[in-house]
Every structure is written in structure tokens, then in C-alpha cells.
Amino acid sequence: MSIVIKGGTVVSSHGRRQLDIRINGEKITELGNGLSIADGEEVVDATGCFIFPGLIDGHTHLELNNGMTDTSDDFTTGSIAAVAKGTTTVIDMATPEHGGTLDECLITWNKMAEGKSSADFNYHMSVIEWNENIAKEIPKMVKKGVTTFKMYMAYDNLRTNDAELYEAMKIIKSVGGMLGVHCENGDVINQLQAEYLKAGKTGPENHPLTRPNQLEAEAVNRYLTIAKQANLAVNIVHLSTKEALEVVKHARAEGQEVYVETCPQYLLLDDEAYGLPNFEGAKYVCSPPLRKKADQEALWQGIIDGEVNTISTDHCDFNFKDQKIIGKDDFTKIPGGMPGVESRPELVYTAGVAAGKITPERFVELLSENIAKQFDLYPQKGIIQVDSDADIVIWDPEATGVISAKTQLQHCDYTPFEGFQTKGKARSVYLRGNKVAENGEIISTKQGKFIFRKIT
Ligand code: URP
Ligand code: ZN
Ligand code: ZN
């Protein structure tokens, strides 16, 4: 079946142009002005709308057991929430068991996603321990289409030490892969948490105090120092502080290749949320924690200046009532993370484009094109051009709405953005040529597939 989308303004990082788009099967087959319509072709009028490439969330935990409890979303529900609002591809954090192999983890993640996901998908394979077998598995992952890896400098159940980080970097470098790291100083955080608990400080307001800005900046500095020794270009996931961004700028000025991801929560929320009464602050517990307004401003400036490359969500949700409550008497036990995969496009468009901070071109770059380029999905994804997948978002820049837990599709009993007024929304969403959502309502599910990535 062939479709022609007419009258919309196609946006990429290079600019915007009014162009008709012909979709044939799963691909974009023609772009041009005044495309002719053949008998039986469907015509979609996109006058007044932007046409974005399908948005990509480069950092989700759609289905994760954190050692205590499972995320409230799984691939089925989380991916429906994603595509409904314009995110057609997710790169999820595949996290192995201790003592398990990367291959076992890949099999587990494929079982969770295949036949269930409504968005296309792939994974960053987490390396949570280091040994000879894991070292041998990294090239095997690349051969299986998983070209990017994730490591942690915090969380005792996930982190490796600096030597192990360095060894992993050398192997990732040898196969041309990409590494992303959670940068916080785990040792000092452990000490601070123990001190606070000993002093009877058990509430969520202590979460940001035990993970101060400097502990992110120090870890970013150490990570980049090690990456320089390994001569590896690296990504920093969910960067949250002014200080860490300064470290990045310095490294870049010295010639290092560094990529920075931030998330809507670090741009739009701040640490005052942790002081909410009735344990409500627990809803905002994520790591790194929400920061100060000065950090938000520095991150927005980084977005404007091009120092921040991508905005993904770190979607990792737990219900407030029966899951966040696990940490009622001990803030270190509050399951960390929050929902976000659904609301990212509307949040960033509203606070970024509609507010006049960034252009639609930059929006596309941050939420799709750069993610595709960084993680070996480009040009299959991340751009509207002939032969690319027909992942298309027809975006109505004038539509308004309000974010609310009552209406969201994410399976979570709250949203950290409750009451946020939005401007701009996905009118229609196509995944590889199939319309999957219209006006926020899902119309076709479980069509997502594993996108085999190749290092170019
Ligand atoms: O608190 C968070 N962000 N949980 C998800 C895991 C991570 O650190 O990315
Ligand atoms: Zn993290
Ligand atoms: Zn994460």
C-alpha cells in the first residue's frame, strides 16, 4: 500500500522544506513538490504540520528488575506509550544477571521485546562485571547487531572498577563500538548514605544531598580520563549538572570526542520536589537526582550551544503506592527512576521549541537524528529521505494539552510532570509505513522489530 503525505514541512538538522512524501511498504520512496497521485494511493493532508523522522529514545529501562521489584511498565505497555506520542524506536538497557553471559541477556531481552514491542528496538548491552568471557562476548554482540554498551560507576550491584572500565573500553574500541556510562562516584555516595542513615536522616529529601553535583563531575572527569587512555569516543548518559558539563567542555577543548545525553527531568524539574509532604518526594527519586535551577539553565545553554547532543528519557518507572513506598523508612531503598518515554516529545517541544529556546531543526537533531547517528541506526532511522524507514511523525505545532497520570498510557500511577501544559503534539505516527497512532490514540500494536545495527 502506498501513501502520499502532502503539504507538510519536513524537518532535519539541516533545515526545513515543504515536501510531499511517498511511502511504499516500509520505506520512503519519493520526496518532492506536487507529487502525482496514482490510483488507489492514500493521500494524507499534513498542511500546517511539521514532519519529523520517528523520534528515538536512546535510554530506556522498559522492563527491568532492580533487585527488589520490577518496573511498572514492560515492553508491551511502555512501547505503546512511546509510539502514541511519536517515539518509534527505543534503545533499551539490557542488563545481565551476575554470573550470566551477555548472550543470555540478549536472549532474555529479545524474549521480552519480540512480538510485544510496538516500537522498533535494540539494546545497549550492560557490562556489570568483567572477566575473560565477557571480554570475548563484546565482539560477538557487535556481530549480533548490538553495537553499544553501558557501564556504571555507581550502584554496587552494577558497577565495575576503573581498571575494568579501562579493559572494557579497549575491547569496545577494538570493535568500533560505543560506550555510555552512568557517571557518579559510587564509593563516596555509599559513605554519605551510611552517614545520613546513621544520623536518622531517612526521608527522600536526603537523596540529592547524598549525591551532590561534585560526585557526578568527578566521575565524568575520571571516565573521560580513562577513555582518553583507551582512545575511545564515549557517551555520558543522563548528565545532570553544570559542573559535569564544564568537565566535558574542557575535555572537548583538549580534542576529546565526547557525547552528552541529558533527560527532560533534568531540564524541567528541580530538587525542591524531594521536600514534598507525605513521602511524595519519592516520586522524583532517580539517579543522578534532580538538581538546582542553575543546573537546568546550564543544560539548556548546553543544548543551545551544541554541547548537549541528545535528549533521551532514562524511562524506568515504579508505582508510587506499592513500589516507591518500599523506601518509606530508608531513602536508599526507594526504587530509583521515573516514567518519561511517553512525554519526552511534548515536554521538549513545549519547553524548547514553543518557548523559543531551540528550533524545530535542533529538536529533530536532539530527539532523533543525533541518536540515530551515535548509535548506528542512521540513515535507516533519524532522517526523512528516500530509502529510509518510513518512521514519520506528523506534528501539529498548535495542538495543546495537559500531562496527567489520569490520561497517560505509561503504566504508572503518577507522572512527575502532572499538570504540565503542552504545546505541540504528534497528530499521526507511522512505523515503517504503518500508521500506529492518531491523536495520541494507539491504532496498531506489537509491530516493533529488532533493528540490526552495523558499525559503519
Ligand atoms: O534512577 C535511575 N535513573 N534509574 C535507572 C537506572 C539508571 O541509573 O539509569
Ligand atoms: Zn544511570
Ligand atoms: Zn538508565
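# Pockets, hairpins and salt bridges in a predicted model

User: Which residues lie nearest the centre of the largest pocket in this predicted model?

Analyst: This is a predicted model, so bear that in mind throughout. The largest pocket has 48 residues in its lining, and its volume comes to about 1,100 Å³. Helix H2 (102-113), strand E11 and helix H5 (186-198) each give at least two residues to that lining. Nearest the centre you'll find Asn66, Gly67, Tyr155, Asn157 and Leu158.

User: And the closed spaces: which strands each supply at least two residues of the lining of the largest cavity?

Analyst: There are two cavities of 30 Å³ or more in the structure, and the largest holds about 60 Å³ of space. Its lining includes Gly58, His59, Phe149, Lys150, Leu179 and Gly180. The strands that each put in at least two residues are E8 (55-60), E11 (148-152) and E12 (178-182).

User: Val146 is in a loop; is it buried or exposed?

Analyst: Val146 sits in the loop between helix H3 (132-143) and E11. Buried means under 20% relative accessible area. Val146 has a relative accessible area of 0%, so it is buried.

User: How far apart are the C-alpha atoms of Val146 and Thr415?

Analyst: Along the chain, Val146 and Thr415 are 269 residues apart. In space, their C-alpha atoms are separated by 31 Å.

User: Let's go to the hairpins. Which residue in the turn between E17 and E18 has a positive phi?

Analyst: Strand E17 (residues 421-431) pairs with strand E18 (residues 434-438) in the antiparallel sense, over four bridges. One of the contacts puts Tyr430 opposite Lys435, its bridge partner in E18. The two strands make a hairpin with two residues between them, and the turn residue with a positive phi, about 40 degrees, is Arg432.

User: What is the phi of Asn439 in the turn of the hairpin formed by E18 and E19?

Analyst: E18 also pairs with strand E19 (residues 441-442), in the antiparallel sense and over two bridges. Glu438 has Glu441 in E19 as its bridge partner. E18 and E19 form a hairpin with two residues between them, and Asn439 in the turn has a positive phi of about 50 degrees.

User: Which residues are linked with Arg432 in a network of salt bridges?

Analyst: Arg432 lies in the turn of the E17-E18 hairpin. A search of the whole structure turns up 30 salt bridges. The network that takes in Arg432 links it with Glu26, Lys27, Asp120, Lys381, Asp389, Asp391 and Lys449.

User: Which helices does the pair Asp162 and Arg222 link?

Analyst: The side chains of Asp162 and Arg222 meet in a salt bridge, 2.8 Å from N to O. The pair is 60 residues apart and links distant parts of the chain, with Asp162 in helix H4 (residues 162-175) and Arg222 in helix H7 (residues 213-230). Asp162 counts as partly exposed at 31% relative accessibility, and so does Arg222 at 23%. The helices are H4 and H7.

User: Glu369 and Lys373 also pair up; which helix do both lie in, and how do they count, buried or partly exposed?

Analyst: Their side chains meet in a salt bridge at 3.0 Å, N to O. Both lie in helix H12 (residues 360-374), four residues apart, or about one turn of the helix. At 1% relative accessibility Glu369 counts as buried, whereas Lys373, at 40%, counts as partly exposed.

User: Which residue forms a salt bridge with Lys333?

Analyst: Lys333 is partly exposed, with a relative accessible area of 41%. Its partner counts as buried, at 12% relative accessibility. The closest N and O atoms of the pair are 2.9 Å apart, and the partner is Asp330.

User: Last one: how much accessible area does the nonpolar patch of Met68, Ile325 and Ile326 have together?

Analyst: Ile326 lies in the loop between strand E15 (310-311) and helix H11 (344-354). A patch residue needs over 30% relative accessible area. Ile326 has 37%, which makes it partly exposed. Together with Met68 and Ile325 it forms a nonpolar patch on the surface, with an accessible area of about 230 Å².

Terms used: Residues are numbered from 1 along each chain as its sequence is written. Chains are lettered from A and ligands numbered from 1 in the order in which they are written. This is a predicted model: local features need pLDDT of at least 70, side-chain atom pairs count only at pLDDT 80 or more; totals for chains, interfaces and linings use all residues. Side-chain values use heavy atoms; hydrogens and water are left out. Patches are made of residues with over 30% relative accessible area and no salt bridge: like charges are joined within 9 Å, nonpolar side chains (Val, Leu, Ile, Met, Phe, Trp, Tyr) within 5 Å. Accessible areas come from the Shrake-Rupley method with a 1.4 Å probe; for residues, only the protein chains shown count as cover. A salt bridge is a side-chain nitrogen of Lys or Arg within 4 Å of a carboxyl oxygen of Asp or Glu. Buried means under 20% relative accessible area, exposed over 50%, partly exposed in between (1.4 Å probe, protein chains only). Two strands pair if DSSP finds at least two bridges between them. On a 1 Å grid over the protein atoms alone, a cavity is a set of points where a 1.4 Å probe fits but cannot get out, and a pocket is an open set with protein on both sides within 12 Å along at least five of seven lines; lining residues have an atom within 4 Å of a point. Grid points are joined across faces, edges and corners, and a volume is the space filled by probe spheres set on the points.
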